[in-house]
Amino acid sequence: MLSSCGSSDVADQAAQKAPAAAGPATYAAVRVTAAPPAQALTLPGELESFYQTDITPRVSAYVRRVNVDIGDHVRAGQVLAELDAPELTAALNEALSKQKAAEATAQGSQGSYRRLRQTARTAGAVSPLAVDQARTQATSDSLNVVAARAHYRAAAQMAAYLRLTAPFAGTITERNAAPGAMVGQGTGVPLFRLRQLDPLRLRVAVPEAYVGEIKNGNPVQFTVRAFPGRTFTGKLTRTAGSVQAATRSEQVELDIPNPKEELKPGMFASASLPVKVSANSLFVPKSAVVNTAERTYLIRVADGRTELVDVQLGDENAGQVQVFGRLQAGDVVLKAGNEELVARQPVRVTLH
């Protein structure tokens, strides 16, 4: 009996010393606030070439001559490189010979037919069957000429592929060709990359709340990091015509004059879009936004569990950033975004 009582007391003491089960982690949180938006909406964008294309050979051949290098300005139709394929040259010469032979044969048969018709005017000189046969032969030889000419044009077109030309005026930004190299379809590496640098395109995603402010032809100012203190101007030219469900934004394009080619494709730009919206916009601390390669989102907490809400960013002011998405004023979001948190994860929050 004494031994039994001693074991029970030890167990009770061990249970009292054991730590309680750990609950959900606690995070600092804030409420989404509503405030009047700025008169100009600052949106990020990236400059792109107005036209861009990779120039690759259409036939297998050896590079005989390279006429341009990176940074060279070329005009439309200018020969960039010349290729060498003896089999194509031989096929072209063969097609030309067949065309000349077909033309000579057709010329001879047509002459024979004309002479037979003249002779047939004398009664009994030539049988009608001979005249019909001559006419049939002349027609057949004429069709052979048409076929030979078509074959020659096809061979000439294949031979023309040995001269790589620029489809439009622009600048060579990449060259992967060298004399003597074997090139052809399916290599995966273009011989040249051609970009048109004047004008450029600037693509910007406009949040849904401001789609009504978009008007084609409106001037839009923007800045780039390469030229601090300078402001450039473009014209809003094209709109996508639909709002993307993931980001609740519409894609628009601006045409950017670039006569001096100071601006380069790939530069990051910050566009200032004039807006006149009377309704309040939603703001959260900049630290609350989680940016990944796939998405931009906030972590909203409802009923003690997390929810990942995709947002589109707008203007920034005093550490607060304008957000657009499936949010409402008063929603509770984590003050510091955390990529490790997943949806429907239980958490505790303390409002700040």
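In this predicted model, the largest cavity holds about 60 Å³ of space, and the search finds one cavity of 30 Å³ or more. The lining of the largest cavity is made up of Leu43, Val204, Val206, Val220, Leu236, Val252, Leu254, Ala271 and Leu273. Sorted by class, these lining residues comprise nine nonpolar, no polar and no charged residues. Strands β12, β15 and β16 are the elements that each contribute two or more residues to the lining of the largest cavity.

The open space was examined in the same way. Rolling a probe the size of a water molecule over the atoms shows where empty space is left. The largest pocket has a volume of about 580 Å³, and 27 residues line it, of which Leu43, Pro44, Gly45, Gln312 and Leu313 are the closest to its centre. Two or more lining residues come from each of β3 (40–49), β12 (200–207), β13 (219–224), β15 (249–256), β16 (268–274) and β20 (305–317), and β20 gives the most, with six residues. In contrast to the lining of the cavity, which has no polar and no charged residues, the lining of the largest pocket includes twelve polar and five charged residues beside ten nonpolar ones. Leu43 belongs to both descriptions, being listed in the lining of the largest cavity and among the residues closest to the centre of the largest pocket.

Contacts between aromatic rings were considered next, and a search of the whole structure finds five aromatic pairs. One of them joins Tyr51 and Phe168 in a tilted arrangement, with 5.8 Å from centre to centre and 50° between the planes. This pair links distant parts of the chain, 117 residues apart, since Tyr51 is placed in the loop between β3 and β4 (52–55) and Phe168 in the loop between β8 (163–165) and β9 (170–175). The two partners differ in their exposure: Tyr51 counts as partly exposed because its relative accessibility is 42%, whereas Phe168 is buried, at 15%. Another pair is formed by Phe227 and Phe232, whose ring centres are 5.9 Å apart; the planes meet at 65°, and the pair is therefore edge-to-face. Phe232 has a relative accessibility of 11% and so counts as buried. Ring pairs also link Phe50, Tyr51 and Phe168 into a cluster.

Two of these rings have an arginine over the face. Arg201 lies over the face of Tyr51, at 6.0 Å from the ring centre, and Arg230 lies over the face of Phe227, at 5.1 Å from the ring centre.

Side chains of opposite charge can pair when their charged atoms come close. In this model the count comes to 18 salt bridges. One of them is formed by the side chains of Arg149 and Glu103, at 3.2 Å from N to O. Because Arg149 lies in helix α3 (residues 128–160) and Glu103 in helix α2 (residues 86–119), this bridge ties together parts that are 46 residues apart in sequence. Both ends are partly exposed, Arg149 with a relative accessible area of 37% and Glu103 with 22%.

Arg248 and Glu208 likewise meet in a salt bridge, at 3.2 Å from N to O. Here the partners come from loops, Arg248 from the one between β14 (232–239) and β15 and Glu208 from the one between β12 and β13, so the bridge ties together parts that are 40 residues apart in sequence. Arg248 is partly exposed, with a relative accessible area of 24%, and Glu208 also counts as partly exposed, at 41%.

A further salt bridge brings together the side chains of Glu262 and Arg230, at 3.3 Å from N to O. Glu262 is found in the loop between β15 and β16 and Arg230 in the loop between β13 and β14, and the bridge therefore ties together parts that are 32 residues apart in sequence. Glu262 counts as partly exposed at 28% relative accessibility, as does Arg230 at 35%. Arg230 thus takes part in two kinds of contact, because its side chain meets that of Glu262 in this salt bridge and Arg230 also lies over the face of Phe227. Salt bridges that share partners join Glu48, Arg201, Arg203, Arg238, Glu253 and Asp255 into one network; Arg201, a member of this network, is also the residue that lies over the face of Tyr51.

How values were computed:
Residues are numbered from 1 along each chain as its sequence is written. This is a predicted model: local features need pLDDT of at least 70, side-chain atom pairs count only at pLDDT 80 or more; totals for chains, interfaces and linings use all residues. Side-chain values use heavy atoms; hydrogens and water are left out. On a 1 Å grid over the protein atoms alone, a cavity is a set of points where a 1.4 Å probe fits but cannot get out, and a pocket is an open set with protein on both sides within 12 Å along at least five of seven lines; lining residues have an atom within 4 Å of a point. Grid points are joined across faces, edges and corners, and a volume is the space filled by probe spheres set on the points. Helices (H or I, at least four residues) and strands (E, at least two) are DSSP runs, numbered from the N terminus. Ala, Val, Leu, Ile, Met, Phe, Trp, Tyr, Cys and Pro count as nonpolar, Asp, Glu, Lys and Arg as charged, and the others, Gly among them, as polar. Rings of Phe, Tyr and Trp (its six-membered ring) pair if their centres lie within 6.5 Å; planes under 30 degrees apart count as stacked, over 60 as edge-to-face and the rest as tilted. Buried means under 20% relative accessible area, exposed over 50%, partly exposed in between (1.4 Å probe, protein chains only). A charge sits over a ring if NZ of Lys or CZ of Arg is within 6 Å of the ring centre and within 35 degrees of the ring normal. A salt bridge is a side-chain nitrogen of Lys or Arg within 4 Å of a carboxyl oxygen of Asp or Glu.
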